[in-house]
Amino acid sequence: MKTILCTLILALASLAMSAAQWHGTWTGTLDVGVAKIPLVLHLDSTGATLDSPAQGANGIPCTLHVGDNDIDITIASIGAGYRGAMAGDSITGTFSQGGQSFALTFMRKVERIVHGPRNYVEEQVTFGHDNVTLAGTLTLPKGASRVPAVVLITGSGPQDRDETILGHKPFKAIADSLGNHGIAVLRYDDRGVGGSSMATGYETTRDFALDATAAVRYLLKRAEIDPKRTGYIGHSEGGTIAILNHGDVAFVITLAAPGVKGKDLLIKQNEMIVRAAGSEWTPAMASMVDSVFTLIDTCRDEAVLKSMLGRFPAVKGQVSILATPWYRTFVQLDPTPSLKAIAKSRQPMLACNGEWDDQVNCDQNLSAIARWVPSATVKRYPQLNHLFQHCDKREQALNYSGNSEDFNPQVIADIVAFIKGL
């Protein structure tokens, strides 16, 4: 189980497949006895990938073979595999890793639709910078004239404009509610997703920050938008980008944003996930994780970094991922200077975090934001997880697929009240 937890931390890629009857998003929960790990399998005409949302791992590469009813998947980067048979909207089979086998059933995910009144119109738009084109949806209140507006920035990993995760569409829910409250919203596909330009695989958080700046510049050209009431709403890594890019906008709203250096956040994230799985966070484990992230933080030579990371058995299969430009940049990024700049300018800021967030720890990160930006409005939400879903029990916080909530309405209400109060 610990091997699964260690190796499912982060990965990227894709491969090709056929057989359209397999296409879609499939969700399942891997029960390894002391922990239940939600998994998401994406199958379409361009390839196949696996996500482990609770561990922040998106797009783990899969090699697969499909028959009329059988599927055989190899997940080389984590030394795992899956064999199953499809019957209707379910795939029943066995997940194998490290000599262990576990029963695993995937169910085809039906995408949720946000219902309710629509006092807005939606416009499909494109914008960009340099050689990057981004495709998105602009939600405009009906009869919009100099209305407040926000750009939504997704979390880590390639995401569509709705930030679709396990069938939930948090950004669509936010856009729907804000649009009905007279606030314009621009949300867009990340590079490599939907209608946006292909990703090179070498992008970092700073590259994605340029995309967010392009989105704001597009908004500010629209006559319907009030530039003095235009801001960012960033989720997770998107919150980091909102903080880094604060000079672009009139206000900043963060949702589960890092308030500390990436290295410190990821160390705490590993601890929280291990504890959530029911395992002990031992001094030896803490020392090893600290050594790994300190090395990534300080070593600037990629070849040397890979060689030194290879000495840690627990991450040996993840060396190529841990040494990627994106990962190294994220570990090294420190939002503190930007937070201090926000405080100095007294720029309006709303920082939100769920108290049951095991990916971006509430105490660690909200405390840092409150420390560096005393004027910020800081909100902690009991029983909300990283996706801002309400959980009945603490152990349900990482079970994103088993939660029916797209995005907690109280958080949306607080966002609306903050913007309306500017």
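Strands S10 (residues 120-129) and S11 (residues 132-141) run antiparallel and are joined by ten bridges. The model described here is predicted, with an average pLDDT of 88 over the chain and 91% of the residues scoring at least 70. Over residues 1-20, however, the pLDDT is below 50, although this stretch has 72 contacts in the model beyond near neighbours in sequence. The points below cover strand pairing, helix H10, a buried glutamate, backbone angles and salt bridges.

**Strand pairing and hairpins**

- Within the S10 and S11 pair, tyrosine 120 has proline 141 of S11 as its bridge partner.
- The hairpin of S10 and S11 has two residues between the strands, and aspartate 130 in this hairpin takes a positive phi near 50°.
- Strand S8 (residues 90-97) is joined to S9 by eight bridges, and the two strands run antiparallel.
- Threonine 94 stands opposite alanine 103, which belongs to S9.
- S8 and S9 likewise form a hairpin with two residues between them, and glycine 98 in its turn has a positive phi of about 60°.
- S9 (residues 100-108) also pairs with strand S1 (residues 24-31), in the antiparallel sense and over two bridges.
- In S9, methionine 107 stands opposite threonine 27.

**Helix H10 and its surroundings**

- Helix H10 covers residues 336-345, and its buried residues are Thr336, Ser338, Leu339, Ile342 and Ala343.
- Seen down the axis of H10, these buried residues fall within an arc of 165°, so they line one face of the helix.
- The face turned away from the buried side of H10 carries the exposed residues Pro337 and Lys344.
- Three elements pack against the buried residues of H10: helix H4 (237-244), strand S16 (349-354) and helix H11 (362-372).
- Arginine 346, just after H10, takes a positive phi of about 55°.

**A buried glutamate in H4**

- Glutamate 237 lies in helix H4.
- Glutamate 237 is buried yet has no salt bridge, and the nearest side chain of opposite charge, arginine 206, is 10 Å away.
- Leaving aside residues up to four places away in sequence, glutamate 237 touches Thr154, Gly155, Ser156, Gly157, Thr205, Phe208, Trp326 and Phe330.

**Positive phi in buried loop residues**

- Most residues other than glycine have a negative phi.
- Serine 236 is not a glycine, yet has a positive phi of about 55°.
- The loop between strand S14 (225-235) and H4 contains serine 236, and this residue counts as buried because its relative accessibility is 11%, under the 20% limit for buried residues.
- Alanine 256, also a residue other than glycine, has a positive phi near 55°.
- Alanine 256 is found in the loop between strand S15 (251-255) and helix H5 (262-276).
- With a relative accessibility of 0%, alanine 256 counts as buried.

**Salt bridges**

- The model has a count of 19 salt bridges.
- One salt bridge joins the side chains of arginine 222 and glutamate 224, at 3.1 Å from N to O.
- Arginine 222 counts as buried, at 15% relative accessibility.
- A salt bridge also forms between arginine 328 and glutamate 302, whose closest N and O atoms are 3.8 Å apart.
- This pair links distant parts of the chain, with arginine 328 in helix H9 (residues 325-332) and glutamate 302 in helix H7 (residues 302-309), 26 residues apart.
- Arginine 328 counts as buried at 13% relative accessibility, whereas glutamate 302 is partly exposed with a relative accessible area of 36%.
- Arginine 380 and aspartate 363 form a salt bridge in which the closest N and O atoms are 2.9 Å apart.
- The pair of arginine 380, in strand S17 (residues 377-381), and aspartate 363, in helix H11, links distant parts of the chain, 17 residues apart.
- Arginine 380 is partly exposed with a relative accessible area of 40%, and aspartate 363 counts as partly exposed at 43% relative accessibility.
- Salt bridges that share partners join Arg118, Glu122, Asp162, Lys169 and Arg187 into one network.

Key. Residues are numbered from 1 along each chain as its sequence is written. This is a predicted model: local features need pLDDT of at least 70, side-chain atom pairs count only at pLDDT 80 or more; totals for chains, interfaces and linings use all residues. Side-chain values use heavy atoms; hydrogens and water are left out. Buried means under 20% relative accessible area, exposed over 50%, partly exposed in between (1.4 Å probe, protein chains only). Helices (H or I, at least four residues) and strands (E, at least two) are DSSP runs, numbered from the N terminus. The arc is that of the directions from the helix axis to the C-beta atoms. Contact means heavy atoms within 4.5 Å. Two strands pair if DSSP finds at least two bridges between them. Lys and Arg count as positive and Asp and Glu as negative; His and the chain ends are not counted. A salt bridge is a side-chain nitrogen of Lys or Arg within 4 Å of a carboxyl oxygen of Asp or Glu. pLDDT is the predictor's confidence in each residue, from 0 to 100.
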